[in-house]
Amino acid sequence: MRFYKLIILIIFILLISFTFYLNTYYKSFFNTLDPKSGNEPLSFYKIEENLNNKTNYFTWLGQSTILLSIDSKNILFDPVFSRRVSPFSFVGPQRRIPLVIEISDLPRIDYVFISHNHYDHLDMSTLKKLQAYNSDIVFNVPLGDKKLLTSNSLNNVNEFNWWESVNFTDLSVIFIPAKHWSARGFFDRNKSLWGGWVTKFNEISFLHIGDTAYDKDFISYKEKIGDIDIGFIPIGSYYPAEIESDVHANPEEGVQISLDLNIKRSYGIHWGNIYFSQEPTYEPRDIIKSISLKNERVNFHTPLPGEIINLLNLN
């Protein structure tokens, strides 16, 4: 009897400890599982035109997914085309708007860049489909994630440490730190890195940060990454602040990131309740608009998913 009581006590202590661990380190994760009811779906534009012969543009496809085409090279950042962002197909956050373009309608993708391994940024099903369409596609991931891809039969995978850089034949790349975290499950927290990608093509440079909170250290990055022409900055999933402020920037902080990094023109991503959010759907866009009207230094835009932005017509 005493032995069984000891076993029960140990189990109880383990359960309490595990609950404390989850409540401490996975608060944001559980917040995403309880989206606020009543938030309207975000408007979007269905991409109907054939993109195979089009270049020098970009479009936000939802969440942190950006399709960028420049000089006939096609790049995807954080491509997520699955209905759910979850380890399971039957449960977990699901897409609240339709895909604005099907994978089969994408142009041939040359490069993929992944900011971190959360399911709404690293979607294994999508990556496998992309490779099926182009066996020469090159995947670029944070340090610690290469094994995840190669174990799922993905090839041509490059792994980057913070501040590591490489020159491809047609672009240069730097992987920079952000203020966030990584995990695919409950026991691999921060076993891989997270961050943003600086990509430079000839005379134009881009920065994509899939997820981040504000960090005062961003202001020091300018010396290392140089001028950035176009930035894709996350501005959603920030409510409630007591849970999210350490991992997700709010719109004001997204603008400050853009100013700190001296980005010439920024675009909001990771907003609009594509998969999950607690704040009202259009609140990030409204806040950005209000800030822009008050501060002429702010050049920050919030196009809807599927809007195609011509790189040659920016002013």
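**Two sheets, a one-faced helix and an aromatic cluster**

Val166 has Val173, in strand 8, as its bridge partner. In this predicted model, that contact belongs to the pairing of strand 7 with strand 8, which is antiparallel and runs over three bridges. The two strands form a hairpin, with four residues between them. On its other pairing, strand 8 meets strand 9, again in the antiparallel sense, over six bridges. Strand 9 (residues 195-201) is in turn joined to strand 10 (residues 204-209) by six bridges, and these two strands run antiparallel. Here Trp197 stands opposite His208 of strand 10.

These strands are part of an open sheet of seven, ordered 7-8-9-10-11-12-13, with mixed pairing. The edges are taken by strand 7 (165-167) and strand 13 (300-301); each has a single partner strand, so one side of each is left without a neighbour in the sheet. Strand 8, by contrast, has five of its six residues buried, so it is largely enclosed by the rest of the structure.

A second open sheet also holds seven strands, in the order 6-5-4-3-2-1-14, and its pairing is mixed. Strand 6 (157-160) and strand 14 (308-310) are the edge strands, each pairing on one side only. On average, neighbouring strands of this sheet are turned by 20° against each other, direction ignored. Within it, strand 3 (residues 73-77) and strand 4 (residues 111-113) pair in the parallel sense over three bridges, and Leu76 has Val112 of strand 4 as its bridge partner.

Helix 8 offers a nice check of geometry. Its twelve residues (283-294) should span 16 Å at 1.5 Å a residue, and the end C-alpha atoms lie 17 Å apart, which agrees. Pro284, Ile288 and Ile291 are buried in this helix. Seen down the axis of helix 8, the buried residues fall within an arc of 65°, so they line one face of the helix. Such a pattern can be read from the helix repeat: an α-helix has 3.6 residues a turn, so residues three or four places apart point the same way. The buried residues of helix 8 pack against helix 7 (251-260) and strand 13, while the face turned away from the buried side carries the exposed residues Lys289, Leu293 and Lys294.

The aromatic side chains come next. The count of aromatic pairs is 17. One of them joins Phe175 and Trp197, a tilted pair with 4.5 Å from centre to centre and 40° between the planes. The pair links distant parts of the chain, with Phe175 in strand 8 (residues 172-177) and Trp197 in strand 9, 22 residues apart. The backbone places Phe175 opposite Trp197 in strand 9 as well. Phe175 counts as buried, at 0% relative accessibility, and Trp197 is likewise buried, with a relative accessible area of 0%.

The rings of Phe232 and Tyr267 have centres 6.4 Å apart and planes at 40°, so this pair is tilted too. Phe232 lies in strand 11 (residues 228-234) and Tyr267 in strand 12 (residues 263-269), so the pair links distant parts of the chain, 35 residues apart. Phe232 and Tyr267 are both buried. A single aromatic cluster includes Phe175, Trp197, Phe232 and Tyr267, and among its other members are Phe58, Phe77, Tyr111, Phe113 and Phe160.

Conventions
Residues numbered from 1 in each chain as written. Predicted model: local features only at pLDDT ≥ 70, side-chain atom pairs only at ≥ 80, totals over all residues. Heavy atoms only, no water. Pairing = 2+ DSSP bridges. Axes fitted to C-alpha atoms, helices over the stretch in contact; angles between N-to-C directions. Expected span 1.5 Å × (residues − 1). Buried < 20%, exposed > 50% of the residue type's maximum accessible area, 1.4 Å probe, protein only. Arc of directions from axis to C-beta. Contact = heavy atoms within 4.5 Å. Phe/Tyr/Trp six-rings, centres within 6.5 Å; stacked < 30°, edge-to-face > 60°.
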